[in-house]
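This report walks through one protein chain, strand by strand and then residue by residue. Please keep the sequence and the structure in view while reading.

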Amino acid sequence: MTKHTTEETTKPMTCPHCGSTNVGKYLYGMPVFSNELMEKTLDGKIIIAGCIVTDDDPGYHCHNCKRDFGKPEY
Ligand SMILES: [Zn+2]
């Protein structure tokens with residue numbers, strides 16, 4: 001009955017710019033805030049990007065070099 005989120009099954013992302021794995025995933029839309037999601041946002045693994053979606057949205061953000069990269073998964 002538990003609905004798992006996709007980031008639990010994906011392998012750690014590496015930044016194409018600096019190679020760091022200190023990467024956060026942008027989450028679009030209105031997430032349901034669970035304790036788990038809250039921890040991940042505090043951890044920097046998830047970045048809540050909100051509902052504003054354009055054609056140019058990045059999928060990930062590198063906390064090391066502060067750059068965005070990738071494509072979001074819808
Ligand atoms: Zn980087």
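## The central pairing

β1 and β3 pair in the antiparallel sense, over 3 bridges. One contact point in this pairing is Lys25, which stands opposite Tyr60 in β3. The model is predicted.

β1 covers residues 23-28 and also pairs with β2. Here the two strands run parallel, joined by 4 bridges. Lys25 faces Ile46 in β2. Tyr26 has Ile47 as its bridge partner in that strand. Leu27 stands opposite Ile48, again in β2. Lys25 thus has a partner in β2 and a partner in β3.

## The sheet as a whole

How are the strands ordered in the sheet? The order is β2-β1-β3-β4, with 4 strands forming an open sheet. Its pairing is mixed. β2 (46-50) and β4 (68-69) each have a single partner strand, so they stand at the edges and one side of each is left without a neighbour in the sheet. Strands of a sheet pair through backbone hydrogen bonds, in either a parallel or an antiparallel sense.

## Chain path

The chain holds 1 helix and 4 strands. Along the sequence, the pattern reads β-α-β-β-β. Helix α1 spans residues 35-43. Together with β1 and β2 it makes a β-α-β unit, and that unit is right-handed.

The chain has 74 residues, and 14% of them count as buried. Consider the contacts with a separation of 6 or more: residues 24 or more positions apart account for 46% of them.

## Confidence

The mean pLDDT of the chain is 84. A score of at least 70 is reached by 80% of the residues. Among the elements, β3 has the highest mean, 96. β2 has the lowest, 88. Where pLDDT is low, the predicted coordinates should not be read in detail.

## Ser20, ahead of the first strand

Ser20 lies in the segment before β1. Is Ser20 buried, exposed or partly exposed? Ser20 has 13 other C-beta atoms within 10 Å, so it is partly exposed.

Which residues does Ser20 touch, leaving out those up to four places away in sequence? They are Thr14, Cys15, Cys62, Asn64 and Cys65. Ser20 can also be compared with His63, 43 residues apart from it along the chain. The C-alpha atoms of the two are separated by 8.4 Å.

## Lys66, in a loop

Lys66 sits in the loop between β3 (60-62) and β4. Its phi is positive, at about 65 degrees, although Lys66 is not a glycine. Most residues other than glycine have a negative phi.

Lys66 has 10 C-beta neighbours inside 10 Å, so it counts as exposed.

## Asp68, in an edge strand

Asp68 belongs to strand β4. This strand stands at an edge of the sheet. Asp68 is partly exposed, because 16 other C-beta atoms lie within 10 Å.

Not counting residues up to four places away in sequence, Asp68 touches Pro58, Tyr60 and His61. Of these, Tyr60 is the residue in β3 that Lys25 stands opposite. Asp68 and Val23 are 45 residues apart in sequence. In space, their C-alpha atoms are 9.3 Å apart.

## Summary

The picture is a mixed, open sheet in the order β2-β1-β3-β4. β1 runs parallel to β2 and antiparallel to β3. A right-handed β-α-β unit is made by β1, α1 and β2. Beyond β3, the loop to β4 carries Lys66 with its positive phi. Asp68 then follows in β4.

Methods: Residues numbered from 1 in each chain as written. Predicted model: local features only at pLDDT ≥ 70, side-chain atom pairs only at ≥ 80, totals over all residues. Pairing = 2+ DSSP bridges. Buried ≥ 20, exposed ≤ 12 C-beta atoms within 10 Å, placed from the backbone. Contact = placed C-beta atoms within 7 Å. Right-handed = clockwise from strand over helix to strand, strands pointing away. pLDDT = per-residue confidence, 0-100.
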